[in-house]
Amino acid sequence: MSTETEAAAAEVGTPPPAGWEEARARVYAVGLSAALPAVARPLADTDGHTLAEPLTTRTDLPAFPTSSVDGWAVRGAGPWQVVGRVLAGHTAAPLVDDGTTVEIATGAMVPAGTTEILRIEESTRAADGRVAGTPRSQPEWREPGEEAHLGEELLPAGTPVDPAVIGLAASCGHDTLRVRRAPRAALLVFGDELLTSGAPGAGRVRDALGPSVPAWLRRYGCQVRAGDVVGPVADTLPAHVAALRGALANADLVCTTGGTMHGPVDHLHPTLEALGADYVVNTVAVRPGFPMLLARLVDGDGRVRFVAGLPGNPQSAVVALVSLVAPLLAGLTGRSMPVLPQVTLAEPVSGRGDHTHLALARWDRVTGTAHPVRHVGSAMLRGLAGADGFAVIRPGTSGAAGDRVPLVPLPLTPGERS
C-alpha cells in the first residue's frame, strides 16, 4: 500500500484496502451464504435463471426405441412384405412374422420384433409390392436410455439456464424448473452537480451512470424496473438515508454512484452507519476504482440485502461492477465463482504499484489476444465503449507484450455473466 493510501485510511479510521482477488472472493462468499430462494417457474420463463437443484431425467432418454432414419423396419431376411406403417407419435404394433416390414418415420417407435431398419433411399419396391435392399451393419435406431437413464443427473445445481438447458429439460419430461429467483436491484444516483438531460456546462456534468448502470445490472441477470432508479439524490444526509431506506424495501441489491469517499458532501458512509450496515469490503487496492465498497444489512427476520457503493467516475463505477457486483450476484444466484479467461497481451500495459491494474482492452477471441485501448481515464467512457473487458495486471508487476494475464469480460447480452 502506498504511503498516501495508508495515511488516508488512518485519517478516516478505516482498514486498509482489500486486495482485488481477496475482495472478489469475499463478496462471492457472502453472496453464496445469502443465496436467493428457489422458485418453480414454467420452462418458458426460466431463460437466464440458475438451476436451484440438479436437473434429472423423468424417463429414459429416449423413452422407447426410436428410429433415426426414414425407412423400413424389417424382420428376418428379405424381400419383405409390407404389413403397415408407423409414424412418430404412434404406438407401433409388433412385427410377429419373418419376412415382414412396416414403413417407419424418423423419430417413430421401433416395433418389437424388428431386426433391422433399411433406409428408404437404399430400398427398392418390386412389382408385387415387396421391399428389397441391404440394411447397414450399424443399427439405425436409438436404444432406450442411450442418452440418459431414468433419474440420472444431467446438470448440477448452479447451472445457468439457457435455451439448450430448457430444451433438455423439456425432452426429459419437465414442465417447470426450480430456479433461483432473479435478484431485484435498484440504483441511487448521488450528486447535485449532475444533469439528467441535455449537454453539460456551467459547472454541471451529465449523469452517465443513471442510464447505463441498470443496463449493466440487467446483463448480470438482475431485475431493474423504472421506479428502481432514483436520483440525483440531494447532497444531504437525511436525503441519502431516506433514499437508501426506500430502495432497500424491495431490492436485494442497491447500487449507489458517487459519495464513496469522505468529502464534505459524501454521505454514503454515514448513511450506512445510520442504517446499521456492516462492511464486507471497504475500498479495494485496484486502479481505477479503489474507493468501491460493499455493505450488508440483515433484518430482524434474517433477510439479507446488499449495498454496492460505486465510485462516481464512470469507468471506475464499471470497475466496481465487474470487481464486486458480478461475483456477489454469482453467489446470490448459486452459480460458481466466475472463472476469468487467460489472454495474451498484444502490447505492454503498465502496472499500478501495489494495486491491481484493470486495463481496458479489446479481446480478439480468435487469436486469444488482448489489445489495450485508449481514452481510459477514470472519468472517460470512450475507451469503455470500444472494449470487451479488463486485462488484469497484478500488484507489483507490469504487463509485457506476450504475457499471459487474466481478463475480466464485460457482459455482452442480458443475463450473461462474466
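In this predicted model, the largest nonpolar core is built from 49 residues. Leu217, Leu253, Leu294, Leu310, Val325 and Phe390 are the ones with the most contacts inside this core. Its top contributor is helix α7, spanning residues 314–332, which puts in 12 residues. Apart from this core sits another one, made up of 19 residues, with Val233, Leu248, Leu272 and Ala295 among them.

Phe390 is worth a closer look. Once its neighbours within four places in sequence are set aside, Phe390 is in contact with Gln315, Val318, Val319 and Val322, as well as with Leu358, Ala359 and Leu360. The rest of its contacts are Leu384, Pro406, Leu407, Val408 and Leu410.

Then there is Thr256, which turns up in strand β18 (residues 253–257). Thr256 counts as buried because its relative accessibility is 0%. Leaving out residues up to four places away in sequence, Thr256 touches Leu187, Leu188 and Phe190, plus Leu268. Val307, Ala308, Gly309 and Leu310 also touch Thr256. Leu310 is itself one of the residues with the most contacts inside the largest nonpolar core.

Over in strand β13 (residues 176–180), the two faces are easy to tell apart: Leu177 and Val179 make up the covered face, while Thr176, Arg178 and Arg180 make up the uncovered one. In a regular strand, side chains alternate between the two faces of the sheet. Strand β13 runs antiparallel to strand β2 (residues 38–42), and 5 bridges join the pair. One of the residues involved is Ala38, whose bridge partner in β13 is Arg180. Arg180 also belongs to the uncovered face of β13.

Terms used: Residues are numbered from 1 along each chain as its sequence is written. This is a predicted model: local features need pLDDT of at least 70, side-chain atom pairs count only at pLDDT 80 or more; totals for chains, interfaces and linings use all residues. Side-chain values use heavy atoms; hydrogens and water are left out. A nonpolar core is a set of buried Ala, Val, Leu, Ile, Met, Phe, Trp, Tyr and Cys residues joined through side-chain atoms within 4.5 Å. Buried means under 20% relative accessible area, exposed over 50%, partly exposed in between (1.4 Å probe, protein chains only). Helices (H or I, at least four residues) and strands (E, at least two) are DSSP runs, numbered from the N terminus. Contact means heavy atoms within 4.5 Å. Two strands pair if DSSP finds at least two bridges between them.
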